[in-house]
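User: I'm new to this protein and would like a relaxed tour. Please show me the model, and then I'll ask my questions.

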Amino acid sequence: MEAWIFVHNPLERYLTDFKRIFDAWQEGGVTGIVVGYLHFELDDGTRIPVFGSDPAVYRSFGVDPPAETPRDREKERLFAAMLDDAANRGWHIITFGAGLGGGRLPVEEDPYGAISHAAAVQDSMNALPQAHGFLIDGPGEQHYELAFHHGGELFEIRPGEDERFGALGYDLDRLQRGIEHLWTRFHQLTPAEVRYRAPGGMLAGMQLFDINEDALYWLRARRETALGFMAATHEQVGMLNRKVELGGIPRTAAFSSLTCQDYHAMASWFDFIFPKHYYWHRGFDGMYGTVSRWVQRLRKWNPTLTEEDAFDVVKLLFGIDLPGVRTLMDMEMGFSDEFFSTIVYGETRRALEAIGDTDKCICWVSTGRAPHAGDAMPARDLYGILNASREAGLKRFLFHPDPDIGAPEWHILTNFCGNPWQESNDAVYWPPDTPRLDSFSHGRKPTRTD
């Protein structure tokens with residue numbers, strides 16, 4: 001397998017030592033990087049861009065250029081040198097996002113913000129010729145949490161979305177009726193109904209949730225706006241002054257119907273699709289954490305449901321049947337071998353089949369000590385994810401250090417992709433999220449050299 005690594009903020013940790021780091025990464029099998037966000041972080045928390053914007057670019061798109069901000073020319077020089085070094089190694093370089101951006105056109109003229117976004121992309125691609133393209137985190141993503149979490153909840157029209165829906169011609173009152181109908185129904189589930197209908201497939205599910213015309217109208221509007229955003233973005237990127245690769249990071253396949261990120265449709269618009277191989281408990285974006293919150297909220301709204309009933313509702317909605325998990329306490333026991341061989345393998349196969357091109361699919365993998373504020377995932381879990389993905393046919397993955405690469409992760413990554421890392425005090429590169437072996441000797445050196 002080939003590995004890419006996410007070079008993420010604060011970027012300053014790489015700027016003065018990138019050659020030594022990149023040498024080690026190359027030895028370990030790294031062939032590409034995603035870099036960003038495209039800003040530096042000052043001591044007071046202020047963010048400044050990694051390059052100076054060209055106002056003429058924005059004006060050519062009919063939007064206002066970004067306001068002038070302070071610049072750090074030395075950091076900009078080091079950042080450009082870092083990208084030059086990566087390019088000289090033959091690495092693939094993708095930026096995470098497209099800088100701070102400028103103004104926006106009225107929603108009636110640009111309902112998806114695609115033209116305004118394209119101006120920022122053009123500006124960043126002009127300034128960073130080393131980059132092959134950029135990616136969007138969660139393109140078109142509709143919310144997927146039942147409870148309010150990570151800035152939103154399922155049964156709502158979030159601030160600003162009403163303007164977009166209106167500009168696209170949707171009936172806002174009808175959308176709200178659909179939301180209210182489903183919200184009410186999700187508060188009226190009974191054990192008898194769940195146990196009768198949950199095993200019954202799609203038609204029984206539509207009966208369980210009492211899907212009516214208004215609910216379908218809202219569900220379809222979510223899907224159409226998600227796909228519309230992707231199509232509009234693709235169209236604008238295709239009109240830039242050079243070939244710019246477009247990447248997107250959707251939720252894992254099991255959640256993609258709810259987020260409306262149709263992998264099969266995405267494949268016609270995106271050069272790279274990075275399915276989120278996020279499985280941790282708690283935090284945000286992890287599969288275990290999301291399922292757990294759904295189960296808890298379903299039971300809060302419907303106190304007569306057992307935990308087993310709530311898990312059956314989740315299975316009906318998403319197709320997720322976690323091996324050995326029938327209660328919330330079961331989720332505290334970690335991930336079984338079967339989880340990797342069934343869930344991770346299956347999610348990878350679904351992605352590959354839907355996308356239809358193994359070169360386009362690069363799973364976005366994160367574990368470590370605090371993945372997206374979630375529970376730590378040990379090296380065994382990283383091994384299980386990568387091994388199951390490889391067996392499913394995945395060729396490349398991107399590793400997202402969270403918060404940074406540790407020794408166990410680096411040991412796993414290099415054994416999968418390159419020359420295995422040798423753990424010793426003499427190692428030129430030591431993963432920054434793990435103390436060196438000699439860190440606990442209080443400065444005392446060994447008396448023997450063998």
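**The sheet**

User: What is the order of the strands in the open sheet?
Analyst: There are 9 strands in this open sheet, and their pairing is parallel. Strands (E, at least two residues) and helices (H or I, at least four) are DSSP runs, numbered from the N terminus, and two strands pair if DSSP finds at least two bridges between them. The order is E8-E7-E6-E5-E2-E1-E11-E10-E9.

User: Which are the edge strands?
Analyst: An edge strand here pairs on one side only. The two that do so are strand E8 (272–273) and strand E9 (276–277).

User: What should I know about the model and its numbering?
Analyst: This is a predicted model, where local features need pLDDT of at least 70 and side-chain atom pairs count only at pLDDT 80 or more, while totals for chains, interfaces and linings use all residues. Side-chain values use heavy atoms, leaving out hydrogens and water, and each chain's residues are numbered along its sequence as written, from 1.

User: Which residue is the bridge partner of Glu 2 in E11?
Analyst: Strand E1 (residues 2–8) runs parallel to E11, with 4 bridges between them. E1 also pairs with strand E2 (residues 30–36) in parallel, over 6 bridges, and there Phe 6 stands opposite Val 34. Back in E11, Glu 2 is partnered by Arg 396.

User: Which residue in E11 does Cys 363 stand opposite?
Analyst: Strand E10 (residues 362–365) pairs with E11 in the parallel sense, over 4 bridges. Across from Cys 363 in E11 you'll find Phe 397.

User: Are the residues on the two faces of strand E11 buried or exposed?
Analyst: In a regular strand, side chains alternate between the two faces of the sheet. In E11 (residues 396–399), Arg 396 and Leu 398 sit on one side, with Phe 397 and Phe 399 on the other. Buried means under 20% relative accessible area, exposed over 50%, and partly exposed in between (1.4 Å probe, protein chains only). Both faces are covered, and all of these residues are buried.

**Charges and surface**

User: How many salt bridges are there?
Analyst: Side chains of opposite charge can pair when their charged atoms come close. The rule used is a side-chain nitrogen of Lys or Arg within 4 Å of a carboxyl oxygen of Asp or Glu. One of the pairs is Arg 20 with Asp 17, whose closest N and O atoms are 2.6 Å apart. By this rule the count is 29.

User: How many residues apart are Lys 276 and Asp 137?
Analyst: Their side chains meet in a salt bridge, 3.0 Å from N to O. It links distant parts of the chain, with Lys 276 in strand E9 and Asp 137 in strand E6 (residues 133–137). Lys 276 is buried because its relative accessibility is 4%, while Asp 137, at 39%, is partly exposed. They are 139 residues apart.

User: What else forms a salt bridge with Lys 276?
Analyst: The closest N and O atoms of this pair are 3.7 Å apart. The partner is buried, with 5% relative accessible area. It is Asp 285.

User: Which helix gives the largest share of the nonpolar patch?
Analyst: Met 202, Leu 203, Met 206, Leu 216 and Leu 219 form this surface patch, with about 470 Å² of accessible area together. Helix H9 (201–208) and helix H10 (213–237) each give two or more residues. Its members have over 30% relative accessible area and no salt bridge, and nonpolar side chains (Val, Leu, Ile, Met, Phe, Trp, Tyr) are joined within 5 Å, like charges within 9 Å. The largest share, 3 residues, comes from H9.

How values were computed:
Areas by Shrake-Rupley, 256 points an atom, 1.4 Å probe, with all protein chains shown as cover.
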